[in-house]
Amino acid sequence: MSNRSLQLWAPAMMAAVLLTPTILAAQTGTMRQWQYTPTADGAGCELAMRQVQTPAPAPGEVQVRMRAASLNGRDRGRLDGPCPAVAGSASIPLSDGAGEVIGVGAGVTRFQVGDRVVGTFFAGTWIDGDRPEGVMPFRRGGPGDGVLSEVIVGSAEGFVTIPAHLSYEEASTLTTAGVTAFVGLFKYGGLLPGDFVLLEGTGGVSSFGLLFAVAAGARPIITSSSDAKLARATELGAFGTVNYRRNPEWHEEVLRLTNGQGVKHVLEIGGRSTLPLALQTLGIGAHISLIGGLTGFGGSIPFGVLFDKDASATGFHVGSRNDFEEMNRFISGHRIRPIVDRVFEFDDAPEAFDFYLNGDFMGKVVIRL
Ligand SMILES: NC(=O)c1ccc[n+]([C@@H]2O[C@H](COP(=O)([O-])OP(=O)(O)OC[C@H]3O[C@@H](n4cnc5c(N)ncnc54)[C@H](OP(=O)(O)O)[C@@H]3O)[C@@H](O)[C@H]2O)c1
């Protein structure tokens with residue numbers, strides 16, 4: 001390029017840069033959003049609907065009209081206080097939600113307006129490989145902003161495409177419970193056809209574990225406090241069922257169902273009270289996924305338990321975006337539909353929390369927006 005043409009070109013480029021819009025398309029105005037809010041006496045926490053400015057996507061971000069969100073074990077206790085807003089944490093509830101892209105910021109090539117997307121747990125900060133240091137503050141629904149809002153914005157890297165056969169309600173259940181069950185069984189557990197799988201209760205993670213294990217040709221044994229839920233699990237393909245409330249020594253029944261062989265996989269979601277019993281169900285070469293603490297996070301694994309069984313245990317936090325996309329391929333390939341127990345309307349979010357905390361559900365509880 002000659003000096004003369006450089007002189008002509010440089011101002012033109014400057015103008016082009018200045019004129020490049022930071023938003024390629026977006027909706028503006030106001031919208032409704034649920035927020036965790038301190039109760040009048042300041043001691044507790046409750047949900048309050050707010051009318052707020054619709055957020056615009058910054059460069060690299062998408063603007064998503066949320067259509068459904070779902071509740072998870074991690075949302076328990078958030079209304080007990082201290083209120084997340086008071087604790088300096090994000091005030092918008094829920095980590096899992098699905099919706100439609102309605103705006104894209106400059107530079108976004110991953111999605112376009114009209115795409116159906118579901119958010120990733122770590123909001124685009126964990127793409128592949130091991131969990132990077134420093135991503136925990138970005139978890140949606142605490143400490144990061146949640147999804148119980150008519151519109152959200154966020155890095156385009158923090159969303160994945162919804163499997164085509166799923167509704168928004170179904171897709172909203174995938175982010176936490178789905179990815180966690182998938183990662184525990186396949187990535188860390190190496191699930192194979194015929195393997196015995198122990199699933200504790202019929203909540204989100206376990207119900208996904210049931211669907212995945214059945215689809216993979218494995219033999220899931222699932223526990224529950226409810227015979228009706230166990231009957232449903234059998235219809236869905238469970239190999240064996242045990243009522244843990246009527247049968248406090250449920251691990252013995254699990255062992256019996258495996259003909260004494262023991263299970264090859266455990267999705268350990270109960271924690272302190274269930275871990276000691278689950279450890280007694282392990283077969284040779286078993287893998288136990290340390291996931292949750294519905295009875296309290298904690299418990300320990302004696303050296304001899306793993307040593308005697310050539311077994312292994314992995315603690316982990318949901319998974320990467322690539323794990324999510326791999327799960328979606330599995331879900332699409334097997335035409336899996338998540339178990340949605342009940343769908344509440346956006347206006348009825350507090351009732352959805354009450355219903356969920358009451359525990360009378362199987363699979364997932366969803367809020368439609
Ligand atoms: N590490 C991670 O990445 C990760 C990811 C997801 C979840 N989690 C944690 O894992 C746990 C489960 O999460 P979730 O979303 O699946 O919960 P959820 O959907 O709320 O599960 C509730 C169900 O768990 C069952 N349950 C409760 N106490 C039980 C017990 N003592 N024994 C057996 N089952 C019991 C009950 O099933 P029945 O009604 O059938 O009795 C209950 O309905 C939570 O602690 C959550 O925070 C961790």
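Here is a walk through this structure, from its overall layout down to single residues.

Let us start with how far the model can be trusted. This is a predicted model, and the mean pLDDT of the protein is 92, with 92% of its residues at 70 or more. The stretch of residues 1-19 stands apart from that picture: its pLDDT is below 50, and beyond near neighbours in sequence it has two contacts in the model.

Now look at the overall layout. The protein is divided into two parts, domain 1 (23-173 + 338-368) and domain 2 (177-315). Domain 1 is written as two pieces of sequence, so to speak of its second piece is to speak of residues 338-368. Between the C-alpha centres of the two domains there is a distance of 29 Å. Where the domains meet, nine residues of domain 1 are in contact with 12 residues of domain 2. On the domain 1 side, the touching residues are four nonpolar, four polar and one charged.

From here we can move to the interior. In soluble globular proteins, nonpolar side chains tend to be buried together. In this model the largest nonpolar core has 89 residues, and those touching the most other members are Val197, Ile221, Val263 and Ile367. Helix 3 (residues 174-188) contributes the most to this core, with seven residues. Both domains take part, since at least three residues of the core come from each of domain 1 and domain 2.

Ile221 is a good place to pause in the core. Which residues is Ile221 in contact with, leaving aside its neighbours within four places in sequence? The list holds Phe196, Val197, Leu198, Ala238, Phe239, Gly240, Val242, Val254, Leu257 and Val263. Two of these partners, Val197 and Val263, appear with Ile221 among the core residues that touch the most other members.

Next, follow the chain to helix 5 (residues 227-235). Its buried residues are Lys229, Leu230, Arg232 and Ala233. Seen down the axis of helix 5, these buried residues fall within an arc of 160°, so they line one face of the helix. The face turned away from that buried side carries the exposed residues Asp227, Ala228 and Glu235. What do the buried residues of helix 5 pack against? Their partners are helix 4 (204-215), strand 10 (219-224) and strand 11 (240-243). After the helix comes Gly237, with a positive phi near 115°.

Helix 10 (residues 349-358) can be read in a similar way. Here the buried residues are Ala349, Ala352, Phe353 and Tyr356. Viewed down the axis of helix 10, they fall within an arc of 100°, so these residues too line one face of their helix. Exposed residues Glu351, Asp354 and Asn358 sit on the face turned away from the buried side. Among the elements covering the buried residues of helix 10 are strand 2 (30-38), strand 3 (45-53), strand 15 (340-345) and strand 16 (364-368). Just after helix 10, Gly359 takes a positive phi of about 85°.

The loop between strand 6 (116-119) and strand 7 (151-155) deserves a visit of its own. Pro132 has its place in this loop. Is Pro132 buried or partly exposed? Pro132 counts as partly exposed because 13 other C-beta atoms lie within 10 Å, whereas a buried residue would need 20 or more. Leaving aside neighbours within four places in sequence, Pro132 is in contact with Thr125 and Trp126. Pro132 can also be set beside Arg232 of helix 5: the two are 100 residues apart in sequence and 39 Å apart in space, C-alpha to C-alpha.

We end with some details of the backbone. Most residues other than glycine have a negative phi, and most peptide bonds are trans. In the loop between strand 6 and strand 7 we find Pro143, and a cis peptide bond with an omega of about 0° joins Gly142 and Pro143. Ala123 lies in that loop as well; Ala123 is not a glycine, yet has a positive phi of about 55°. With 23 C-beta neighbours inside 10 Å, Ala123 counts as buried. Leu94, in the loop between strand 4 (61-70) and strand 5 (96-105), likewise has a positive phi, about 75°, without being a glycine. Leu94 is buried too, because 29 C-beta neighbours lie inside 10 Å.

Technical notes. Residues numbered from 1 in each chain as written. Predicted model: local features only at pLDDT ≥ 70, side-chain atom pairs only at ≥ 80, totals over all residues. pLDDT = per-residue confidence, 0-100. Contact = placed C-beta atoms within 7 Å. Domains from an automatic or database assignment. Nonpolar A, V, L, I, M, F, W, Y, C, P; charged D, E, K, R; others polar. Core = buried A, V, L, I, M, F, W, Y, C linked by C-beta atoms within 7 Å. Buried ≥ 20, exposed ≤ 12 C-beta atoms within 10 Å, placed from the backbone. Helix = DSSP H or I, 4+ residues; strand = E, 2+ residues; numbered from the N terminus. Arc of directions from axis to C-beta.
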